[in-house]
Amino acid sequence: MPAVPPSRRQLLLGTGAVAALSVLGPAGTAVAAPPNGPSTRPPTRPSSGPDVTELGPGNSDFPLMSATLIGDTLWIGSRNLAPARVIGHHLPTGRVTATVELPTGNFVQGSAARDGVLHLGVTDAPGAANLYRYDGTLTALGNVPGADVRDVAVAPDGTVYATGRQKGRAAGPGLYAWSPATGAVTEVTSPAPGATQGRAVAATATHAYLGVGSNLAGGGGATRASLYAVERATGAVTDITPPDLRGDTIIRRITVLGDDLLAVSTEGAPAHVALLDPAGHRVLRSFAVPGTKSVTNFQRRGDTLWFTSTEHGVLWRHDLATGALDQLAVPVPDGNSWGLGRLGDTLAGVTEGGTVWTLDLGTGTVTTRDLVEAGAPAAPQLGMSVAARAGRVYVGGNGSIALHDLAAGTVHKLPVPGEAKDTLVLDDGTLYLGVYSSQGIWRYRPGADRAPVEEAALPQEQNRPQVIRRDPDSGLLLLGVQADTTGGGSFVTYRPGSGRPTVHTDPLGPEQMVRAVAAGRGQAFLGGDNARPTGPRGDLAGWDPVAGRELWRTATDLGAGVSSLAVHGHTLYGLTVNGRAFTVDLRGSGRRGFTPVIGRRADLGAVSGANPRLLALGGALYGVSERTLFRLDRDTLAATVLVELDAEWYSGARLAADEDGVLYTLRGRELIAVRP
């Protein structure tokens with residue numbers, strides 16, 4: 001970040017502390033697309049670019065996704081940092097004492113230990129190592145082909161088992177094994193071709209266990225929670241799913257607890273826990289955990305079982321002798337829990353936003369520590385969202401929002417459980433957030449709220465907000481949402497401050513999420529997409545958001561899902577997830593029976609990456625992708641590249657503008673202000 005950041009006035013005037021002025025190459029030729037076919041001509045590149053001011057990392061922190069206790073040190077795996085890394089947090093001193101960088105991967109989600117040796121599995125390492133061992137020296141073990149490794153386990157003989165998500169694989173998620181004898185990774189079994197991912201593994205001397213389901217890209221008959229026991233000597237596979245868990249979404253965790261219990265948790269409504277006898281896989285006890293979606297991270301001492309749930313960082317205690325279930329009234333930090341260890345009379349865990357906590361079981365004393373303050377190496381993480389107004393810019397990440405105060409030149413961390421997938425700022429300065437997973441609608445009022453607070457819940461299955469917009473005519477907030485587990489999604493309208501959202505489930509049918517929303521002419525316009533590789537996508541619909549009724553709906557021939565929509569005048573502008581621009585004439589769209597016709601089209605493949613987004617600002621129309629920030633000609637759909645970005649977002653690029661027309665987005669992982 002610059003030592004003396006520019007003021008907002010300097011940004012607007014393009015003078016003063018401008019850290020980088022983007023001057024792009026010679027102009028090309030902009031050609032409008034013919035009415036019935038995409039343009040293949042290159043975009044215009046202006047001879048001199050806009051003023052671009054660097055504002056430092058968008059959201060720099062230590063988000064995390066796993067934790068395993070070895071001795072008195074909690075080994076914590078990062079999420080969305082480059083390079084991926086594991087840190088050692090020493091519980092007695094409360095300090096980070098070691099950092100290990102991994103050569104591949106994004107999430108360090110799989111984590112397990114045996115005999116003091118740490119084993120790791122990572123996501124996003126195509127064709128490269130995604131299994132590692134760390135015993136003071138990092139060793140790459142091999143590659144689970146095509147997988148985002150979600151969980152690992154180590155058998156007593158040192159065999160490492162792994163599973164994860166293998167997108168588009170007809171055989172479904174597999175159970176894989178790395179052999180210490182041969183050094184090779186082999187597929188053991190893939191018993192559930194209809195599941196969308198494997199989430200849990202465990203191992204004993206005689207069996208390996210695989211838990212699968214469909215908490216991502218669900219619906220359409222996808223397999224739900226299923227648990228398999230694999231006899232290690234013969235490879236025989238047995239479905240041992242406890243009856244109470246069969247209707248749930250996915251097996252989230254399998255844990256061997258001593259010699260006689262196997263604990264299974266799952267995502268459901270509510271979540272369930274089952275205790276099994278590993279000898280015959282008989283269910284010893286099964287119970288629901290009220291008010292929870294998912295249960296994770298088990299520890300045991302005698303007849304006492306502790307575990308965490310994803311809702312608000314809750315810690316639970318279960319008495320195996322009496323069956324009593326208690327929610328412990330301890331201030332465990334909000335957010336998804338990614339690890340739980342026990343050191344004597346102390347429980348220790350971590351939450352996704354970079355917090356480690358301990359609970360003294362004797363006194364009930366809870367301590368919390370921000371990992372960056374404890375010495376963790378903060379780094380820019382992948383961006384989630386961006387919003388701007390009144391000299392403040394907000395950049396969403398895992399477990400937090402970074403608030404950039406441009407006048408003061410400061411960045412402040414605002415904790416948020418989950419991921420703020422999209423955000424906007426109202427005229428009064430209130431920030432609204434659509435938060436994944438199943439966190440609903442949150443709010444932050446500068447000067448009034450110390451941190452964002454939950455304002456309205458959404459149905460649990462409507463878990464992944466894609467877009468949040470404001471209807472200028474009614475003042476309603478409009479959200480498009482994806483339902484990961486059931487498929488489809490919802491269109492949500494919400495009056496700020498009311499606490500009562502109206503949820504219209506599957507407005508584009510049971511298979512399409514609502515990825516895009518725009519407002520104008522007193523209407524809301526919805527664009528659909530599909531998380532599954534087959535099925536309908538690209539539908540459009542018009543709604544009366546106040547009356548809560550559909551005005552029209554139609555399938556399109558766009559050939560892809562709709563990524564973003566914007567309204568200018570009587571025209572609806574859209575971008576598809578694969579970078580095609582299109583228009584719809586909205587005259588007459590307020591009447592039932594209106595049939596939209598796709599008008600102009602253009603192929604923006606030379607400009608756009610996946611999931612580009614539009615922003616209508618005054619008389620201009622801007623688009624952003626991970627590759628570029630561009631201006632779109634409203635009449636011809638010709639694209640003019642303003643800034644080359646090579647931006648690093650988690651789920652598609654985002655673009656915001658403040659009240660003075662300054663644009664904000666990421667270049668790489670750095671926040672930039674663009675005065676076009």
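A nonpolar core is a set of buried Ala, Val, Leu, Ile, Met, Phe, Trp, Tyr and Cys residues joined through side-chain atoms within 4.5 Å. Keep that in mind for the views of this predicted model.

**View 1. The largest nonpolar core brings together 28 residues.** Look for Val 386, Leu 629, Val 643, Tyr 664 and Leu 671, which have the most contacts inside this core. Several strands chip in two or more residues, including strand 2 (51–57), strand 33 (385–389), strand 52 (620–624) and strand 56 (663–667). The top contributor is strand 57, with four residues.

**View 2. Another core, of 19 residues, lies apart from the largest one.** Among its members you can pick out Ala 67, Val 96, Val 356 and Leu 371.

**View 3. Arg 654 sits in a loop between two strands.** Those are strand 54 (639–644) and strand 55 (656–657). Arg 654 counts as buried because its relative accessible area is 4%, and the cut-off for buried is under 20%.

**View 4. Arg 654 has plenty of company from other parts of the chain.** Skipping neighbours within four places in sequence, its contacts include Met 384, Ser 385, Lys 421, Asp 422, Arg 613 and Trp 649. Val 386 and Tyr 664 are on that contact list too, and both turn up among the residues with the most contacts inside the largest core. Gln 466 is another partner: its backbone oxygen lies 3.2 Å from a polar atom of the Arg 654 side chain.

**View 5. Residues 1–41 have pLDDT under 50.** The model still gives this stretch 99 contacts beyond four places in sequence. For the protein chain, pLDDT averages 92, and 92% of the residues score at least 70.

Key: Residues numbered from 1 in each chain as written. Predicted model: local features only at pLDDT ≥ 70, side-chain atom pairs only at ≥ 80, totals over all residues. Heavy atoms only, no water. Buried < 20%, exposed > 50% of the residue type's maximum accessible area, 1.4 Å probe, protein only. Polar contact = N/O pair within 3.5 Å; in protein donor to acceptor, adjacent residues only side chain to side chain. Contact = heavy atoms within 4.5 Å. pLDDT = per-residue confidence, 0-100.
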